[in-house]
Amino acid sequence: MNVTAAGVAESPLPLTVALLGNPNTGKSTLFSALAGMPTRVGNYPGVTVEEKVGRFVHAGRPIDLVDLPGTYSLAPKSPDEKVAVDLLRGRLAGMPAPDRVVIVVDATNLERNLYLASQVIEIGLPTVIALTLGDAAADRGIEVDAAELSRRLGCEVVPVVAPRRQGIPRLADAILAALPPRQPEGLAAALAAVDPAQPPTAREAIGRYAWIERVIEGVVRRRLVARTIDDRIDAVVTHRVWGTVLFALTMLAVFTSIFWLSAPLMEGISFGVDAVAEVVVGLLPEGAVRSLIVDGVIAGAGSVVVFVPQIALLFFWIALLEGCGYLSRAAFLMDRLLVGVGLSGKSFIPLLSSFACAIPGIMAARTIENPRDRLLTILLAPLMSCSARLPVYLLMCSAFVPNVPLAGIPWLRLPALVLASLYALGVIVAALAAFVLTRTVFRGPPQPFVMELPGWRWPQPRIVLERVREATWSFLSGAGTTILAMSVVLWALSHYPRDEAAVEAEVASERTNLRARLEGEADEATVADLAAALEALDTPEGLDAARRGAAQRRSFLGLAGRFIEPVVRPLGWDWRLGCAAIASFPAREVVLGTLGVIYNLGDVDAGSEEGGTVLVRRLRSATWDGSRRKVFTLPVALSIMVFFALCAQCASTLVVIGRETGSWVWPLASFSAMTVLAWLGALVTYQVGTFLGG
Amino acid sequence: MTSLKEVAIGSTAKVELITGSDPTSERLLEMGITPGVLVTVIGAAPLGCPLELEVRGYRLSIRRSDAARVAVFPSVGQRSTWAGATSVRRPLPR
């Protein structure tokens with residue numbers, strides 16, 4: 001093939017080069033050393049496996065470097081591996097077989113890496129081997145004779161130190177010059193020589209490893225090393241006591257950063273969004289258009305961007321832990337805990353992160369190769385009580401759960417116990433759901449859990465940043481647009497139909513109603529509350545809030561709330577609570593704000609002490625329509641909390657589930673199942689609570 | 001017949017055969033646990049499972065239940081101090 005100077009003018013067509021190798025071989029580092037930033041990131045057709053392509057030019061020839069998912073063998077065990085194999089064999093729809101293959105081979109682990117390499121060489125595509133991690137190998141007393149290896153394998157072997165760009169130009173030269181390899185010496189004979197008594201599945205591995213053992217003899221030289229670096233680090237990291245302590249500290253750091261460190265960043269984003277909204281409010285006249293832009297589009301965009309800090313921080317940690325080799329150790333340490341519910345240790349970090357927010361947690365499930373475990377983890381993640389549920393719990397606990405000590409212990413109080421129980425409830429329901437799902441929908445043979453514990457190494461800052469950028473961008477471009485569209489639709493549902501006359505009539509009847517109740521009320525506190533509410537109606541802000549409340553109650557969402565009243569009645573809820581539950585669908589954290597609007601308080605900041613107190617007072621004095629019976633009692637507050645602990649009232653989470661599973665079936669199934677669970681949980685809570693209390 | 005599950009922590013055993021032909025057995029073979037290879041049990045997770053192994057010069061983690069399908073010859077002894085010396089058939093490097 002003519003790829004030299006003459007080829008430049010004649011063949012502007014880019015050369016497609018597949019980059020293939022075992023996981024943990026420094027493949028990503030090599031990709032960025034060769035091609036820099038990926039020029040195209042997408043999904044392979046029909047699967048949720050990420051496709052990454054980088055274009056670079058070498059010696060005048062454009063080259064498209066396709067990063068294939070890491071794989072251990074050409075007999076694929078997961079969708080990731082299947083994509084790699086299909087692409088290599090030219091069996092992937094719409095994608096021709098690559099022109100060249102670069103096999104990444106880890107010098108510290110040559111024996112096992114050559115298993116895949118020998119299979120790829122056999123395919124016969126022009127192949128180059130990039131021998132990575134030579135520096136790490138030297139630290140471990142391993143030396144590889146690349147020239148001799150090249151001779152024995154029948155294809156070019158180029159040693160590279162990708163982080164320092166050593167050997168990269170030579171590798172690029174070799175890619176252009178690569179020829180189809182000759183069949184490796186003795187491989188066919190070694191495969192034929194395997195004892196035919198061995199089971200057929202074992203024969204290939206036995207034959208190939210027998211051949212590899214002969215290939216590396218004399219090629220790999222080892223110095224005597226009493227205890228390798230890996231030995232020393234592993235002795236601590238997987239130690240019964242120290243390993244557990246270190247693990248707990250690491251997870252604490254991960255969780256703290258996504259739970260608390262992200263808070264000021266998220267507040268900053270909210271602040272920025274509010275500022276933009278303010279500017280627009282100043283520019284546009286009041287009306288439907290302004291409301292669409294401010295409450296629909298800007299608020300919607302804000303609700304997308306607000307997730308970015310948590311996603312970026314979590315992926316920063318994942319990339320860091322993966323880069324140094326701790327991610328698989330963490331899975332190793334936690335495996336026993338999760339195996340009982342049918343998962344593996346790899347689900348631990350995604351599920352832990354979900355206590356901060358399900359969205360980064362669901363995205364973190366990308367680190368789970370096994371498709372069944374990954375899907376199950378994605379489905380269980382929203383059951384972990386996220387930080388958006390916390391304000392609901394806190395408000396309800398402080399307002400309606402008596403602050404009494406338990407069992408005579410002064411520091412152990414009932415609200416704290418309720419709060420802890422809600423967190424436990426999510427975990428227990430998730431464990432039960434996993435137990436049931438692995439025996440029904442996800443029934444099947446046990447999935448292999450054979451996990452490499454890669455050698456310890458320094459994480460590459462470039463790879464870490466690339467990983468963060470990739471995750472953030474894939475969220476913004478993939479899920480962000482859908483979330484934004486959904487916010488606009490939900491805005492419309494809570495603003496239409498608009499009937500100003502009916503709103504005024506409702507405000508007037510509210511006033512009459514309050515007056516009537518005030519006259520017949522004997523309880524002093526209630527009198528004060530009612531008088532305050534009545535007085536507020538005479539202030540411009542109070543009147544505006546009352547109008548907004550009435551408009552929302554008359555909107556499609558409000559109507560839906562009234563419509564579902566028979567369904568929420570057994571939970572002890574009135575239709576306003578039904579409305580609030582439905583209106584919290586855009587994002588759970590708006591539920592308190594929605595309650596504020598529905599109870600005529602306008603935009604109350606329920607998170608602040610003052611706003612919270614006002615809302616609590618209003619909720620405490622709320623009564624059923626046309627009666628003096630209070631809406632909020634202890635059983636009702638508990639049933640609301642249980643409902644929010646278990647429901648999937650979060651549009652963004654559902655969109656991300658859809659995006660990560662590549663199907664609308666799973667978000668729909670997840671929403672339906674969780675809503676039923678939440679309803680049943682709230683029903684039992686209310687009915688049992690009422691029975692015990694009354 | 002002894003399985004890898006029964007090999008004491010810190011000991012090395014020589015693999016006799018891998019039972020079963022499902023994806024798990026296949027993966028164990030592909031990862032280099034083939035008849036004749038030396039496997040060292042480095043340790044176990046704090047909760048007793050999974051196991052940390054060293055085979056062909058690298059570290060691998062498998063569950064005890066999967067270790068049961070790796071039949072081994074009685075223990076060869078303590079782990080070799082040669083980094084990655086894994087096969088008895090290969091002469092020790094100088």
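**View 1. Six salt bridges span the interface of chain B and chain A.** This is a predicted model, so take the close-ups in that spirit. One of the bridges is easy to pick out: A:Asp335 and B:Arg63 bring their side chains together at 2.8 Å, N to O. Beyond charge pairing, 13 residue pairs are in polar contact between chain B and chain A, both partners at pLDDT 80 or more.

**View 2. Helix 1 of chain B supplies the largest share of the side of chain B that touches chain A.** That share comes to seven residues. Helix 1 (23–30) has company here: strand 4 (51–55) and strand 5 (58–62) of chain B also put in at least two residues each. Sort the residues on this side of chain B by character and you get 19 nonpolar, 10 polar and 13 charged.

**View 3. A strand from chain A pairs with a strand from chain B.** The partners are strand 12 of chain A (residues 450–453) and strand 5 of chain B, running antiparallel and joined over four bridges. Look along strand 5 of chain B for B:Ser61, which sits opposite A:Met451.

**View 4. Stepping back, here is the whole contact between chain B and chain A.** On the chain B side 42 residues take part, and they meet 47 residues of chain A. Interface size is often quoted as the accessible area lost when the parts come together. For chain B and chain A, about 4,100 Å² is buried between them, with 57% of that area on carbon and sulfur atoms.

Conventions: Residues are numbered from 1 along each chain as its sequence is written. Chains are lettered from A and ligands numbered from 1 in the order in which they are written. This is a predicted model: local features need pLDDT of at least 70, side-chain atom pairs count only at pLDDT 80 or more; totals for chains, interfaces and linings use all residues. Side-chain values use heavy atoms; hydrogens and water are left out. Contact means heavy atoms within 4.5 Å. Buried area is the accessible area (1.4 Å probe) that two parts lose on being put together, summed over both. A salt bridge is a side-chain nitrogen of Lys or Arg within 4 Å of a carboxyl oxygen of Asp or Glu. A polar contact is a pair of N or O atoms within 3.5 Å; within protein, one must be able to donate a hydrogen and the other to accept it, and residues adjacent in sequence count only if both atoms are side-chain atoms. Ala, Val, Leu, Ile, Met, Phe, Trp, Tyr, Cys and Pro count as nonpolar, Asp, Glu, Lys and Arg as charged, and the others, Gly among them, as polar. Two strands pair if DSSP finds at least two bridges between them.
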